[in-house]
Amino acid sequence: MALSADDIKNLHRYEIKILHALERMMKKYRWVPDDELKTAVKLSAPELKYRLGNLIYRDFVRSESVPYKGYALVFAGYDAIALTALASKKTISALGSFIGVGKESEVYEALGLGPVILKFHKIGQRSFNTVRTNREYMPEGGHCPWIFASAKSAEREYEALKALNGKVNVPVPIDINRHVIVMSYIQGANLNRCILENPEKIYSDILEQVKNAYNAGFIHGDLSEYNVMIEGETVWIIDWPQWVTPKHSNADAVLMHDLDTITSYFNKKYNTKFVTEEAIKFVKT
């Protein structure tokens with residue numbers, strides 16, 4: 001889980017300075033050498049030791065002594081500097097309740113001009129190599145820790161939300177900082193948690209949204225009952241970091257997987273007789 005509002009409020013400006021320095025230097029080092037960190041932040045040795053102790057205690061930073069003494073930013077610290085930046089811009093004013101966790105994200109309520117959603121992209125260390133292999137927007141070489149992979153994932157989703165807003169029922173993107181997207185709050189439930197009175201209509205509405213996205217140049221890439229939301233009579237499609245364009249070399253296979261997943265879900269849960277090939281034909285024509 002991400003940090004609490006008190007964690008941000010209690011951060012000293014020297015600690016924020018250290019977190020920013022680690023973020024910059026981790027583009028070069030997996031473990032930032034102690035001496036280089038000291039030079040970068042320009043704090044006395046006792047002050048740096050004290051502030052690093054606070055950050056390590058709160059699990060914002062981790063340390064390593066082999067093969068040299070060094071430090072690394074971890075997700076809680078990355079959360080802290082992203083949220084500090086969003087608060088300083090007045091995008092958010094309060095951090096609310098934890099809503100849930102997905103395969104590669106955590107979601108929170110927050111307050112901006114009104115209720116908003118904060119989505120923290122978090123590609124885990126274990127899945128990092130898989131993500132780098134399967135998603136072409138990730139760099140193939142060089143040093144790219146999983147925190148920066150998460151920022152790339154957030155940028156990718158934010159791009160889709162901006163392009164699709166007004167064409168497809170997606171959350172309205174409000175702001176982004178590092179791996180955190182601020183978006184509009186949807187009062188609804190995920191499809192897998194709903195008991196539908198009219199599954200045929202909802203299925204048809206999902207296909208309509210998929211078709212609109214396809215015509216706008218986007219194939220979701222990970223569509224399932226977990227990232228479709230139902231709000232009253234409205235269907236929303238969420239979670240867009242894995243999108244591809246209809247011109248992608250694997251576009252047909254990705255679209256088929258998306259639609260087959262949704263079709264199979266309805267057929268299994270509601271005993272419908274939907275056909276994936278017919279869904280594909282509808283979307284593409």
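Colleague: What is the strand order in the open sheet, and how do the strands pair?

Modeller: In this predicted model, the five strands line up as S4-S5-S6-S8-S7, with antiparallel pairing.

Colleague: What makes S4 and S7 the edge strands?

Modeller: Strand S4 (94-101) and strand S7 (173-177) each pair on one side only. As for twist, the average is 25° from one strand to the next.

Colleague: Why are S5 and S6 called paired?

Modeller: Pairing takes at least two bridges, and seven join S5 (residues 105-111) to S6 (residues 115-121), so the two count as a pair. They run antiparallel. Within these strands, Glu-109 stands opposite Ile-117 in S6.

Colleague: Which helices pack on the sheet, and which strands do they touch?

Modeller: Helix H5 (residues 75-88) touches S4, S6, S7 and strand S8 (180-184), and its direction makes about 125° with that of S7. Helix H7 (residues 146-164) touches S6, S7 and S8, with a direction at about 160° to that of S7.

Colleague: Now Asp-34: how do you know that it has no salt bridge?

Modeller: A salt bridge needs the Lys or Arg nitrogen within 4 Å of a carboxyl oxygen. The nearest side chain of opposite charge, Lys-38, is 4.3 Å away from Asp-34, so that cut-off is missed.

Colleague: Where does Asp-34 sit, and what is it in contact with beyond its neighbours within four places in sequence?

Modeller: Asp-34 lies in helix H3 (residues 34-41) and is buried, which here means under 20% relative accessible area. Leaving aside those sequence neighbours, its contacts are Lys-69, Gly-70 and Tyr-71.

Conventions. Residues are numbered from 1 along each chain as its sequence is written. This is a predicted model: local features need pLDDT of at least 70, side-chain atom pairs count only at pLDDT 80 or more; totals for chains, interfaces and linings use all residues. Side-chain values use heavy atoms; hydrogens and water are left out. Axes are lines fitted to C-alpha atoms, for helices over the stretch in contact, and angles run from 0 to 180 degrees between N-to-C directions. Contact means heavy atoms within 4.5 Å. Buried means under 20% relative accessible area, exposed over 50%, partly exposed in between (1.4 Å probe, protein chains only). Lys and Arg count as positive and Asp and Glu as negative; His and the chain ends are not counted.
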